[in-house]
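Work through the exercises below with the structure in view, and try each task before you read its solution.

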Amino acid sequence: MPSTPPTLGDFTVLPISIPPLPSFPKPTTHYLYLRRNTPKIPTPTDSRSLFLTNCPVDSTDIHLRSLFASLVGPGRFESATFEDERKDTAHKLSPLDAAVPVNAVHLLRAHGSTKKRKREEEEDAERSKEDEAARLPSTWTRPLRRSGSTAVVLLADEKSVEQVLKACAKASKTKKYPEWGAGVADKVPALGSVWVKQHNRLCYPDPATLQQAVDAFSAVFARREKEAAEISKRLRNEPDEDGFVTVTRGGRNAPASRSEAEEARKKMIERAEKKRQEMEGLYRFQLREKQKEEQEELLMRFEDDRKKLEAMRMKRGKFVPEA
């Protein structure tokens with residue numbers, strides 16, 4: 001069997017040994033690929049972070065901490081962010097934002113709060129607590145990763161990054177592969193049938209817990225809806241880029257919707273068209289021209305009918321009655 005290359009492009013190859021399991025009682029080797037983290041948008045921690053790809057499906061923060069501790073010793077690993085977690089942070093809406101009306105969400109995002117905040121950190125922490133209280137409990141004890149997923153590992157300093165890459169090259173050369181999940185069995189929830197049984201149990205949470213989440217959601221939803229209505233009311237009196245204030249239909253709570261504005265525009269066009277038609281016969285010369293056009297059209301139709309009748313007679317020939 002050919003030996004594993006120490007590098008593959010910009011990546012350093014780290015073979016890891018996966019111990020046998022009851023479902024697959026044979027040891028196997030998994031290949032993890034590492035390189036320095038170079039995102040499109042640089043961050044202050046890029047110099048001391050590593051980009052990992054082809055992570056095992058059962059990867060957790062604890063698994064990676066144990067793996068890096070076996071390579072360079074404890075105290076070097078700081079945190080790990082997986083691909084699905086980064087996507088959730090960037091795109092996932094709060095359950096409250098998902099339920100607020102669309103116009104209110106846009107207003108709150110665009111303007112946030114027109115008042116100057118003196119304690120922004122405290123308010124952000126309070127909002128995080130509200131979102132957490134309004135979120136339904138999870139039905140899984142631990143997540144599973146997509147096959148071949150990626151992660152970003154943050155280490156203590158730049159020297160730790162160099163030591164990890166050297167340790168990976170050494171492990172690949174000496175074929176002394178670190179064991180995956182060594183010493184973490186009692187630190188993470190188990191998978192397999194136990195994991196599925198716990199999921200089935202968590203699918204039916206305590207009614208009191210559900211009621212608390214619903215109450216928290218309703219309270220925060222009502223407050224944010226009120227804030228959005230106040231913001232839309234203030235926007236009614238704010239001038240646009242050209243310095244004009246838009247006059248809208250509706251009450252003081254919210255401006256008219258787009259459908260109402262479109263309907264009003266159609267009615268205005270129909271009213272203008274009707275008025276134009278009524279003004280056509282206002283003057284005498286217009287009436288005389290219209291009567292002349294109708295008379296000419298009537299004469300043309302009469303002449304066409306006469307020619308058709310003459311052609312039919314010519315076609316039938318002379319009629320001779322029987323004796």
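**Exercise 1: a pair of tryptophans**

Trp-140 has a relative accessible area of 40%, so Trp-140 is partly exposed. Keep in mind throughout that the model is a predicted one.

Task: Find out whether Trp-195 is buried or exposed, and decide how the rings of Trp-140 and Trp-195 are arranged.

Solution: Begin with accessibility, where buried means under 20% relative accessible area; Trp-195, with a relative accessible area of 14%, is therefore buried. Next, a search of the whole structure gives four aromatic pairs. In the pair of Trp-140 and Trp-195, the ring centres are 4.6 Å apart and the planes stand at 35 degrees, so this pair is tilted. Finally, locate the two residues: Trp-140 is in the loop between α5 (120-134) and β6 (149-155), while Trp-195 is in helix α7 (residues 193-202), so the pair ties together parts that are 55 residues apart in sequence.

**Exercise 2: a pair within one helix**

Task: Describe the arrangement of the aromatic pair formed by Phe-217 and Phe-221, and say in which helix both lie.

Solution: The centres of the two rings are 6.0 Å apart with 10 degrees between the planes, and this pair is stacked. Both Phe-217 and Phe-221 belong to helix α8 (residues 207-235), where they are four residues apart, about one turn of the helix. Phe-217 has 23% relative accessibility and so counts as partly exposed.

**Exercise 3: a charged patch**

Task: Name the residues that form a negative surface patch, and place Glu-293 in its helix.

Solution: The patch consists of Glu-289, Glu-293, Glu-294, Glu-296 and Glu-297. Of these, Glu-293 is found in helix α10 (residues 284-316), and because its relative accessibility is 54%, Glu-293 counts as exposed.

Conventions: Residues numbered from 1 in each chain as written. Predicted model: local features only at pLDDT ≥ 70, side-chain atom pairs only at ≥ 80, totals over all residues. Heavy atoms only, no water. Patch = residues over 30% accessible without salt bridge, like charges linked within 9 Å, V, L, I, M, F, W, Y side chains within 5 Å. Areas by Shrake-Rupley, 256 points an atom, 1.4 Å probe, with all protein chains shown as cover. Salt bridge = Lys/Arg side-chain N within 4 Å of Asp/Glu carboxyl O. Lys, Arg positive; Asp, Glu negative; His and termini not counted. Charge placed at Lys NZ, Arg CZ, Asp CG, Glu CD. Buried < 20%, exposed > 50% of the residue type's maximum accessible area, 1.4 Å probe, protein only. Phe/Tyr/Trp six-rings, centres within 6.5 Å; stacked < 30°, edge-to-face > 60°.
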